[in-house]
Amino acid sequence: KIDLKVDSFIPDSYIEDSQIRMEIYKKIAVLQKEEDYSDLVDELFDRFGDIPKSLSNLMDIVLIKNMATKAGILEIIERDGEISIYFAKDKLKLSLINELKTVYKDGIGFNLGIRPRLILKNYKYPLEDLKNIIGSV
């Protein structure tokens, strides 16, 4: 589950044909790695021009979700200016916490309780930060 405060959709004005829009949604749904993402960006740019922010956000969220599933992450939830990344039991390792603390300093916290989680604070680029964090898992 991912619950972030960003617009994430394909605008009708970007792809007017609903059948083609559905085709693109299907391609987005299977994004698994950065290479797939880049290939789709190239295709969209070639066919439709500059990619709107809401579509870029959608692609980022799907990629994050698919990466998170592989990494043992159960939920990513944004509330009150923080993003909580909930891990399956025994998936949040101390080595990851230490590595992320050196990069994010006070901008990241953690809770190793019943529902282990990382807490991202003071972020400017949440989707990029999430991709980087999940890529480190």
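**Exercise 1. Decide whether Arg-21 is buried or exposed, and find its salt-bridge partner.**

Start with the accessibility: Arg-21 has a relative accessible area of 13%. The cut-off for buried is under 20%, so Arg-21 counts as buried. Bear in mind that this is a predicted model. Next, look for a carboxylate: the side chain of Arg-21 meets that of Asp-12 in a salt bridge, with 3.3 Å from N to O.

**Exercise 2. Work out which helices the Glu-23 and Arg-47 pair links, and how accessible each partner is.**

First, check the contact. The closest N and O atoms of Glu-23 and Arg-47 are 3.7 Å apart, and a salt bridge needs them within 4 Å, so the pair qualifies. Now place the partners: Glu-23 sits in helix H1 and Arg-47 in helix H2, 24 residues apart, so this pair links distant parts of the chain. Then the accessibilities: Glu-23 comes out at 37%, partly exposed, and Arg-47 at 39%, also partly exposed.

**Exercise 3. Take the salt bridge between Glu-128 and Lys-131 and say which partner is buried.**

Begin with the distance, which is 3.4 Å between the closest N and O atoms. Both residues belong to helix H5 and are 3 residues apart, about one turn of the helix. For accessibility, Glu-128 has 39% and is partly exposed, while Lys-131 has 7% and is buried.

To finish, step back to the wider picture. Glu-23, Lys-27, Glu-43 and Arg-47 are joined into one network by salt bridges that share partners. The total count for the model is 10 salt bridges.

**Exercise 4. Find which element gives the most residues to the largest nonpolar core.**

Size comes first: this core has 38 residues, and Ile-28, Ile-76, Ile-85 and Leu-118 have the most contacts inside it. Next, list the elements that give two or more residues: helices H1 (18-29), H2, H3 (53-71), H4 (94-104) and H5 (126-136), plus strands S2 (73-79), S3 (82-87) and S5 (117-121). Of these, H3 gives the most, with 10 residues. As background, nonpolar side chains tend to be buried together in soluble globular proteins.

**Exercise 5. Name the residues of the negative surface patch, then classify Asp-39 by accessibility.**

The patch is formed by Glu-35, Asp-39, Asp-42 and Asp-46. Asp-39 lies in helix H2, which covers residues 34-48. With 45% relative accessibility, Asp-39 counts as partly exposed, because that class falls between under 20% for buried and over 50% for exposed.

How values were computed. Residues are numbered from 1 along each chain as its sequence is written. This is a predicted model: local features need pLDDT of at least 70, side-chain atom pairs count only at pLDDT 80 or more; totals for chains, interfaces and linings use all residues. Side-chain values use heavy atoms; hydrogens and water are left out. Patches are made of residues with over 30% relative accessible area and no salt bridge: like charges are joined within 9 Å, nonpolar side chains (Val, Leu, Ile, Met, Phe, Trp, Tyr) within 5 Å. Accessible areas come from the Shrake-Rupley method with a 1.4 Å probe; for residues, only the protein chains shown count as cover. Lys and Arg count as positive and Asp and Glu as negative; His and the chain ends are not counted. The place of a charge is taken as NZ of Lys, CZ of Arg, CG of Asp or CD of Glu. Helices (H or I, at least four residues) and strands (E, at least two) are DSSP runs, numbered from the N terminus. Buried means under 20% relative accessible area, exposed over 50%, partly exposed in between (1.4 Å probe, protein chains only). A nonpolar core is a set of buried Ala, Val, Leu, Ile, Met, Phe, Trp, Tyr and Cys residues joined through side-chain atoms within 4.5 Å.
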